[in-house]
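Here are three short exercises, each with a worked solution. Have a go before you read on.

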Amino acid sequence: MSPAPLLEATRLTKHFALRRGLLGRRTDIVRAVDSISFTIEAGQTLGLVGESGCGKTTTSRMILRVEPPTSGDIRFEGAPLAALDREGLRHYRRSVQAVFQDPYASLDPRMRVAAIVGEPLVIGQRPTGTELRRRVRELLDLVGLPERAGRLFPHEFSGGQRQRIAIARALALSPKLVVLDEPVSALDVSIRAQILNLLHDLQRRLGISYLFIAHDLAAVAHMSHTIAVMYLGRIVEMGAAAEVALRAKHPYTQALFSAALPLDPGGRSEEIILSGEIPSPLTPPPGCRFHTRCSHVMDRCRRDEPPLHTESGRLVACHLYPQATA
């Protein structure tokens, strides 16, 4: 019997009520995330990609328990989060940490780096002063910063160094999963590769898992073992990173990766330009949600929502690939 995934989301849904009209008497529903399922294996990276507003960050906020799901389940190490007691939730919060987009905003400018990195330890474990100083030194060394960095303030570091500090803080409680929400998008291009290589090395050394959210598709393909592509709150394609990035099946995935930096210089294809804007999550189109922008649209696309089913070794939600019947 194979072990359970580290994290498993099943039919995860998040709808927001939006009051509109005179005196807010009309309530509309924003379908931010609409019944998505995925797993993250121990020591692996799931890359989550899609245009702004597709539901990536809302998904991460549910994983971090910042937002409660409207429906659906999240299991961690086989246990449903909804059934965890207080100690179980404390274990989950220690085991799942985050690194956010802006290293300038995520660090308290009034605290020295040693206090920033050690804060989760003080709150969660209450070590002695000697133990705390030793652990902070280890964490700084782990992300490539010298011991003297602990005596300085965040404004005395570059953007890349600040993100290293944020990563050290995220690792303080030895988490099993780190949510990386656009961790390099605020950094100079020359620094991004250094941070991505650091994250890759940390995963290899510590065996941690990542949920990696980014607009940089080349970075996602480089970092991820599995890629899930979201469009308007739904997953439209999911599979092994190389297969999804280089041999995409869904027309939306093809368009996304055609616009990215060439991952396979020998197989560079013409960029696919999508027409129109993303429809509003208040009123998603009937049938396939992508049909209003798809060059392969058929009548059934406007009428029937395609199920996510197996095609060429990955999951695809598209009527171009009819689901096999028994």
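**Exercise 1.** Find what isoleucine 63 is in contact with, leaving aside its neighbours within four places in sequence.

Solution. Take contact as heavy atoms within 4.5 Å. The partners of isoleucine 63 are then Leu7, Phe38, Ile74, Tyr92, Val96, Leu177, Val179 and Leu211. A word on the ground rules: this is a predicted model, where local features need pLDDT of at least 70 and side-chain atom pairs count only at pLDDT 80 or more, while totals for chains, interfaces and linings use all residues. Residues are numbered from 1 along each chain as its sequence is written, and side-chain values use heavy atoms, with hydrogens and water left out.

**Exercise 2.** Is isoleucine 63 buried or exposed?

Solution. Start with the cut-offs: buried is under 20% relative accessible area, exposed over 50%, and partly exposed in between (1.4 Å probe, protein chains only). Isoleucine 63 has a relative accessible area of 0%, so this residue is buried. Next, place isoleucine 63 in helix 1, residues 56-63 (helices are DSSP runs of H or I, at least four residues, numbered from the N terminus).

**Exercise 3.** Work out why cysteine 301 has no bond to cysteine 288.

Solution. First, recall that a disulfide is a covalent bond between the sulfur atoms of two cysteines. The test here asks for a pair of cysteine sulfur atoms within 2.5 Å. The closest cysteine sulfur to that of cysteine 301 is in cysteine 288, 5.9 Å away, which is too far for a bond. By this rule the count is zero disulfides. Finally, check accessibility: cysteine 288 is buried at 13%, and cysteine 301 is buried at 8%.

Key
Helices (H or I, at least four residues) and strands (E, at least two) are DSSP runs, numbered from the N terminus.
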